[in-house]
Amino acid sequence: MKCYCKILRIPWCDRVTNEEVLERVNIQNCQLMNNIRKLKLIYFGYVKRHNILEKLCMEGMVEGKRGRGRPKGRWNEDVAEWLKTPATRAGATAQDRRLFRSLVWKAMSSPDPP
């Protein structure tokens with residue numbers, strides 16, 4: 001992305017998304033972004049299947065006041081968007097490893113980017 005921004009002469013202080021940069025370069029399917037999405041989905045399934053600290057962090061609520069401004073993006077929201085199912089259903093589906101892997105494979109092979 002850094003190389004594409006240099007080629008397009010986009011200064012680092014401009015707030016341009018990766019998708020917009022790829023659009024300007026005229027790249028429809030970015031293999032790197034798809035690999036990142038796939039790895040995030042696989043890790044989500046792993047975390048949901050095991051009783052580990054990451055599961056507590058992902059599902060737990062933090063005490064205290066929320067900071068000002070727009071809320072940060074959450075993994076659960078990404079997973080729900082990419083798999084086109086609610087995050088709770090995706091978490092329940094992740095318990096069956098084969099079913100979840102087929103769901104991830106189906107989401108990654110869709111013609112439009114998730």
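**Exercise 1. Sort the residues that line the largest cavity into nonpolar, polar and charged classes.**

*Solution.* By class, this lining holds four nonpolar, no polar and two charged residues. Here Ala, Val, Leu, Ile, Met, Phe, Trp, Tyr, Cys and Pro count as nonpolar, Asp, Glu, Lys and Arg as charged, and the others, Gly among them, as polar.

Before going on, note that this is a predicted model, where local features need pLDDT of at least 70, side-chain atom pairs count only at pLDDT 80 or more, and totals for chains, interfaces and linings use all residues. Residues are numbered from 1 along each chain as its sequence is written, and side-chain values use heavy atoms, with hydrogens and water left out.

Step 1: name the lining. Leu41, Ile42, Arg49, Phe100, Arg101 and Val104 line the largest cavity. On a 1 Å grid over the protein atoms alone, a cavity is a set of points where a 1.4 Å probe fits but cannot get out, a pocket is an open set with protein on both sides within 12 Å along at least five of seven lines, and lining residues have an atom within 4 Å of a point.

Step 2: place them. Helix 3 (31-49) and helix 7 (97-108) are the elements that give two or more residues to this lining. Helices are DSSP runs (H or I, at least four residues), numbered from the N terminus.

Step 3: find the volume. The largest cavity holds about 40 Å³ of space, where a volume is the space filled by probe spheres set on the points, joined across faces, edges and corners.

**Exercise 2. Which element gives the most to the largest nonpolar core?**

*Solution.* Step 1: a nonpolar core is a set of buried (under 20% relative accessible area; exposed is over 50%, partly exposed in between, with a 1.4 Å probe and protein chains only) Ala, Val, Leu, Ile, Met, Phe, Trp, Tyr and Cys residues joined through side-chain atoms within 4.5 Å.

Step 2: of its 13 residues, those touching the most other members are Leu41, Phe44, Val79, Leu83, Ala90, Phe100 and Val104. At least two core residues come from each of helix 3, helix 5 (75-83) and helix 7. Helix 7 gives the most, with four residues.

**Exercise 3. Why is Cys13 without a bond to Cys5?**

*Solution.* Step 1: a disulfide is a pair of cysteine sulfur atoms within 2.5 Å.

Step 2: the Cys13 sulfur has its closest cysteine sulfur in Cys5, 11 Å away, so it is too far for a bond. Cys13 is also exposed, with a relative accessible area of 53%.
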